[in-house]
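Q: Could you take a close look at one part of this model for me? I would like to hear about the charged pairs and how they sit in the fold.

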Amino acid sequence: MYVVTGATGQLGRLVVEGLLAAVPASEVAVAVRSAEKAADLAARGVTVRVVDYDRPETLADAFAAGDRVLLISGSEVGRRIPQHRAVVDAAAAAGVALLAYTSAPGAATFRLADEHKATEELILASGLPYALLRNGWYTENYLGDAAGTVARGVVLGSAGEGRIATAPRRDYADAAVAVLRGEDANAVYELSGDAAWSLPELAAELAKASGKPVEHRDVAPAEHLAVLVGAGLPEGFAEVLVDVDAGIARGELAGTPGDLARLIGRPTVPLADSVRAALTA
Ligand SMILES: NC(=O)c1ccc[n+]([C@@H]2O[C@H](COP(=O)([O-])OP(=O)(O)OC[C@H]3O[C@@H](n4cnc5c(N)ncnc54)[C@H](OP(=O)(O)O)[C@@H]3O)[C@@H](O)[C@H]2O)c1
């Protein structure tokens, strides 16, 4: 059985679609918090197991010997080490055949990567066959409100000219499917878009695709923090994002080793295509 956690999230849904395009639904299970959110998948023949990373007892029956499991990292920053430990422990107790994990780039030293590094250590210590999918940044992180960015005419950040090798979630999802269905074990993939771009280049792409002026404004970290908090982000999370921009300025998300394109057997989707799609959505 292929088992996907976080399968009702944005990445997880794409992974499940990729699996269902390749194998019968009877070979696919999801381990999710809400059976209701996964009702559409159950209706298509996918096995739904209800789990909560925060409640280890719910994970006891989530996996079986021989399963090929994708642990999609949790979304609650600061709580993820015990959460992921509970999943790794359950996978080890079951004796799964593969534990794949959506991690962070190996070059990342910003705080957001700490929980991913700790999870990688837990997985290595478990002795399970593993695959570390060190996902770079999603293109969608920058295009969630593309129309709003164009309307304001400003791409704001504190990453300077730092470059970011993003790819859309779909590309990372296709890579996860390839790894789940592949033969490699104990492999580490540094997944990124084929090309890296900077925030000034993002502003130029948005201007080109919209026909409206969009400028890049680089600000000091303290001002970046104030803008994010002013926009309604909780201060702790805003600090995490500003810290990521410092990592981007240091070049920590700029690597383009090509692992993602190799796994999916095609080039990753370029920024310009994602910008056009976001503005016409
Ligand atoms: N590389 C990047 O640029 C980037 C950006 C953002 C996040 N991430 C990481 O990548 C992960 C997947 O991204 P995404 O866009 O798919 O995020 P997402 O849409 O927020 O999905 C997160 C998934 O994790 C599940 N989850 C959260 N806490 C859980 C718990 N306690 N027990 C069981 N399931 C739990 C959620 O369940 P529900 O569906 O019930 O909410 C959801 O399905 C994120 O969780 C985060 O770790 C990466």
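**A close look at the salt bridges**

A: Happy to! Before the charged pairs, a brief stop at Ser198, which belongs to strand S10, residues 197–198. Ser198 is buried at a relative accessible area of 2%, and apart from neighbours within four places in sequence, its contacts are Glu161, Gly162 and Arg163.

Now to the charges, keeping in mind that this is a predicted model. The count of salt bridges comes to 16. One of them joins the side chains of Arg134 and Glu190, at 2.8 Å from N to O. Arg134 sits in strand S6 and Glu190 in strand S9, so this pair links distant parts of the chain, 56 residues apart. Arg134 is buried, with a relative accessible area of 17%, while Glu190 is partly exposed at 25%. Glu120 joins Arg134 and Glu190 in a network of salt bridges.

Another pair is Asp174 with Arg266, whose closest N and O atoms are 2.7 Å apart. Because Asp174 lies in helix H6 and Arg266 in the loop between H10 and helix H11 (271–280), the pair ties together parts 92 residues apart in sequence. Asp174 is partly exposed at 25% relative accessibility, and Arg266 is partly exposed too, at 27%.

H6 also matters for the nonpolar side of the picture: seven residues, the largest share of the largest nonpolar core, come from H6. That core has 36 residues.

Finally, the side chains of Glu252 and Arg250 meet in a salt bridge of 2.7 Å, N to O. Here Glu252 is buried, with a relative accessible area of 10%, whereas Arg250 is partly exposed at 48%.

Key: Residues numbered from 1 in each chain as written. Predicted model: local features only at pLDDT ≥ 70, side-chain atom pairs only at ≥ 80, totals over all residues. Heavy atoms only, no water. Core = buried A, V, L, I, M, F, W, Y, C linked by side-chain atoms within 4.5 Å. Buried < 20%, exposed > 50% of the residue type's maximum accessible area, 1.4 Å probe, protein only. Helix = DSSP H or I, 4+ residues; strand = E, 2+ residues; numbered from the N terminus. Contact = heavy atoms within 4.5 Å. Salt bridge = Lys/Arg side-chain N within 4 Å of Asp/Glu carboxyl O.
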